[in-house]
Amino acid sequence: MQNTPNLVILNARVLTMVPDAPRAEAVAITGDRITAVGSTNDIRALAGSKTRIVDAAGRSVLPGFIDSHVHLFQGSAELDFVQVGGITDLAELRPRVRDYASTRPDEPLILGVGAFYELFEDDEIAPRKLLDAIIGDRPFTLLAADLHTVWANTLTLKQAGLLQGAPMPDGSTVVMGDDGMATGTLLETGAFGPALALSRTGGRDMLGYVTGADPDPPATTAERATDKALLRKGLSHVARHGITSLHNMDGNFYQLELLSELEAEGLLTARVQVPFHLKNVHPLDKLEEAGKMHRRYRGDKIWSGRVKMFMDGVLESRTGLKTRAYPDDPLNYGEAVFDPDHFNEACRIADAMGLQISVHAVGDLAVNRVLDGYEYARAKNGKRDARHRIEHIELITEADLDRMKRLDVVASMQPRHAAFAGFFEPPMPDTLFFADECARAYAWKAIRTRGIPLAFSTDWPVVPVNAMANIACAVAPVDLGPNWPDQSQTLQDTLESYTATNAWIGFKEDFHGRLSSGLAADIVMLDGDIEACDRTTLGQLPIAMTICDGKVTFCSHESARSY
C-alpha cells in the first residue's frame with residue numbers, strides 16, 4: 001500500500017522527459033522519491049491531512065536541472081570577490097575595484113573575477129603596470145571569465161615569486177617582457193596558481209582545478225569551517241536557479257570530504273559528482289588515487305567515478321589547440337597540455353579501471369587528440385559502455401564529428417560560451433577563426449543531427465549558473481551572418497540536454513533526470529509556462545521552486561502558495 005505523500009504539486013504543466021508519457025498535470029512526492037505522476041484529480045486524491053499541497057497554477061514543472069559542467073568551489077568563492085564581468089574598459093573597472101578594496105583593508109589579495117580579455121587587448125603597456133595604476137600598494141589580480149588567464153599587478157608577481165619568471169609545466173606560461181620582467185599576464189593554471197594562492201581562501205577553492213591536490217599543509221579546523229560555509233553559500237545560489245545536481249569539473253579528496261560533512265549534517269542541497277583531476281605533470285600511477293576516490297565515494301548525493309583532464313587552453317588567449325594557426329597569429333597553433341603518448345596511456349588505464357573520462361578540448365586539434373586517446377583505449381581494452389566525454393568542443397573537424405559518433409563519445413557543451421550566445425562579444429573576423437571554420441564552431445546542430453549525445457551546462461563560474469539563460473541561448477542564438485550557420489535547438493531537445501541526457505551521461509538515468517514513479521524527487525517549478533514564453537524572453541523566466549531529494553531547497557515568495 002502506498003504511503004501518503006509528503007507533498008503534491010497540482011495544476012501544473014508537467015514535462016516529464018519520459019518518452020511514452022511526456023506530459024502530466026501533477027506530481028506526488030513521498031520521502032525522497034516521486035511516487036505518482038498523473039492528473040490533478042488523481043494526485044489530489046492521494047493527499048492526506050498532513051500533505052503539503054502546492055498549487056502550480058499552470059506553471060511548468062520539470063525534472064531538476066542537472067548542470068553537467070561546473071566548478072562548485074571556485075564558483076562559490078567568486079560570489080564574494082569583486083565582480084568585473086562585462087566591463088571592457090579599465091577606466092570603468094577602476095572605481096569598482098577601489099571601492100571594494102577600501103571596504104576590505106585586510107584582504108590579502110584584491111581579486112576581480114569574470115574579467116574579459118578586451119580589457120588588455122588594445123594596450124601596449126604591460127598589464128601589471130596598468131593594474132599598478134589602479135592598485136599598486138596591495139596585491140591585485142584579475143581572473144579571466146574563462147578561468148584560463150590571470151592578470152597580476154607587480155606586487156602580486158613579487159609575492160608569488162613570478163616577477164622574474166619561473167619554470168612552468170607544459171601548457172602554462174608566465175609572459176615575459178622585453179625588460180626581462182613578467183608582463184603580468186599568466187596563462188593557465190601552472191602560471192597563475194601561485195598568484196591566486198595569495199587570496200583569502202589560500203587558493204584552496206582552486207586546488208582541485210590548479211593541481212588536483214589537497215591543501216598542503218592540511219586545512220585547519222577554522223579553514224575547513226570557512227570553506228564549508230562558502231560551499232553552502234554556493235549550493236544555495238545553485239538551488240535558486242533550479243539546479244539539483246552538479247557534475248564538478250575539478251576535484252580532490254578535500255572537496256569530497258567537505259561535501260560529505262555537509263551531507264552528514266543535513267546541509268547538502270544538491271547532488272555533486274567530483275572527479276579525480278589528472279594533470280600532465282602526474283605519473284600514470286597517480287590514477288590509483290582515482291580508483292580509491294571512486295571506491296570511497298559512490299553514494300546518491302556524492303560520488304566520483306570519473307577522471308578529468310585538460311588537452312588545451314582557450315581560444316581567447318590563443319592557447320586552444322587548432323589544426324590551423326590562428327588567423328591573427330599565423331605561427332601559433334595553441335598549446336598542447338598533454339603529450340599524446342602520455343594522454344593515450346592515461347585513457348587506457350582509466351578506461352580499464354572502469355572509470356569515465358572527461359577532457360577539456362576547445363580547439364579542433366585538441367578534440368582530435370582526445371578522440372585518439374579514446375580510440376586507443378577501446379582498441380586496447382575492448383568496447384564498453386564508457387560514456388566518455390569531451391568538454392567544450394568549440395571547433396571540430398567533419399571527420400571527427402563522424403568519429404565521435406563511431407566511438408560513442410558524449411559532447412558536453414555550454415550554450416552561453418558560443419560566439420552567437422550574446423554573452424561574450426563574438427570574435428572579429430579572421431582572429432580566432434578563418435571564415436570557413438565558423439561552420440564547425442559550436443556545432444550543436446551538427447552534433448545532434450549525427451546522433452551524438454549532447455549535454456548542456458554552464459561551466460559556472462565562467463558564466464553565471466543560470467540554467468534558464470543558457471537554455472535561451474540554445475533556443476534563440478544571435479544571428480552573426482552568413483558564415484555562421486543556424487545552430488538553434490528546439491526547446492524540448494534543450495530541456496532534455498539539461499535533464500534526462502545529463503542524468504544518462506552520469507550513469508544515473510534510472511535514478512533521476514525524469515519525472516516518473518520511483519525516481520528521485522528532484523524537481524524544478526518555473527514561475528510561468530515555459531512553452532508559452534516568447535523565446536526572446538525565455539532567459540528571464542524565474543525559478544519558482546526547487547526540490548532536491550524530496551526537500552524544498554528554494555521557494556520564491558510569489559510561488560509559495562499552497563492550501
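Methionine 413 of strand β22 stands opposite phenylalanine 456 in strand β23, and this contact is a good place to start in what is a predicted model. Strands β22 and β23 (residues 454-456) pair in the parallel sense, over three bridges; two strands count as paired if DSSP finds at least two bridges between them. The strand names come from DSSP runs numbered from the N terminus, where a strand is a run of E of at least two residues and a helix is a run of H or I of at least four. Together β22, helix α14 (residues 444-449) and β23 make a right-handed β-α-β unit. Right-handed here means that, with the strands pointing away from the viewer, the path from the first strand over the helix to the second runs clockwise.

Now turn to the other neighbour of β22. Strand β21 (residues 389-392) also pairs with β22 in the parallel sense, over three bridges, and isoleucine 390 stands opposite alanine 411 in β22. Here too there is a right-handed β-α-β unit, made of β21, helix α13 (residues 398-406) and β22. What covers the two faces of β22 (residues 410-413), and are its residues buried or exposed? Both faces are covered, with Val410 and Ser412 on one side and Ala411 and Met413 on the other, all of them buried. Buried means under 20% relative accessible area, exposed means over 50%, and partly exposed lies in between (1.4 Å probe, protein chains only).

A second strand to visit is β11. Five of the five residues of β11 (residues 140-144) are buried, so this strand is largely enclosed by the rest of the structure. Phe140, Leu142 and Ala144 lie on one side of β11, and Thr141 and Leu143 on the other. Strand β10 (residues 110-115) runs parallel to β11 and is joined to it by five bridges, with valine 113 standing opposite leucine 143. Between these two strands the chain passes through helix α4 (residues 127-132), in a β-α-β crossover that is right-handed. With strand β12 (residues 149-152), β11 pairs in the antiparallel sense over three bridges, and valine 150 is the bridge partner of leucine 143 in β12. The hairpin of β11 and β12 has four residues between the strands, and leucine 147 takes a positive phi near 65 degrees in it.

Leucine 143 also leads us to a cavity, since Leu143 is among the residues that line the largest one. A cavity is a set of points, on a 1 Å grid over the protein atoms alone, where a 1.4 Å probe fits but cannot get out, and its lining residues have an atom within 4 Å of a point. How many cavities of 30 Å³ or more are there? The count comes to one. The largest cavity has a volume of about 60 Å³, a volume being the space filled by probe spheres set on grid points that are joined across faces, edges and corners. Its lining also includes Gln74, Glu78, Phe81 and Leu111. By type, the lining divides into five nonpolar, three polar and two charged residues; Ala, Val, Leu, Ile, Met, Phe, Trp, Tyr, Cys and Pro count as nonpolar, Asp, Glu, Lys and Arg as charged, and the others, Gly among them, as polar.

Finally, let us look at the charged contacts. The whole structure holds 37 salt bridges, each a side-chain nitrogen of Lys or Arg within 4 Å of a carboxyl oxygen of Asp or Glu. In one of them, arginine 271 meets aspartate 522, with the closest N and O atoms 2.7 Å apart. Arginine 271 lies in strand β16 (residues 271-273) and aspartate 522 in the loop between α17 (500-505) and β24 (523-526), so the pair ties together parts that are 251 residues apart in sequence. Arginine 271 is buried at 0% relative accessibility, and aspartate 522 is buried at 3%.

Aspartate 80 and arginine 200 form another salt bridge, with the closest N and O atoms 3.7 Å apart. Aspartate 80 sits in the loop between α2 (72-78) and β9 (82-83) and arginine 200 in the loop between α6 (189-196) and α7 (207-210), so this pair ties together parts 120 residues apart in sequence. Aspartate 80 is partly exposed, at 29%, and arginine 200 is partly exposed at 31%. Elsewhere, Arg224, Lys228, Glu257, Glu261 and Glu265 are linked in a network of salt bridges.

Residues are numbered from 1 along each chain as its sequence is written, and side-chain values use heavy atoms, leaving out hydrogens and water. Local features need pLDDT of at least 70 and side-chain atom pairs count only at pLDDT 80 or more, while totals for chains, interfaces and linings use all residues.

How values were computed. 1 Å grid on protein atoms, 1.4 Å probe; cavity = no way out; pocket = protein on both sides within 12 Å on 5 of 7 lines; lining within 4 Å.
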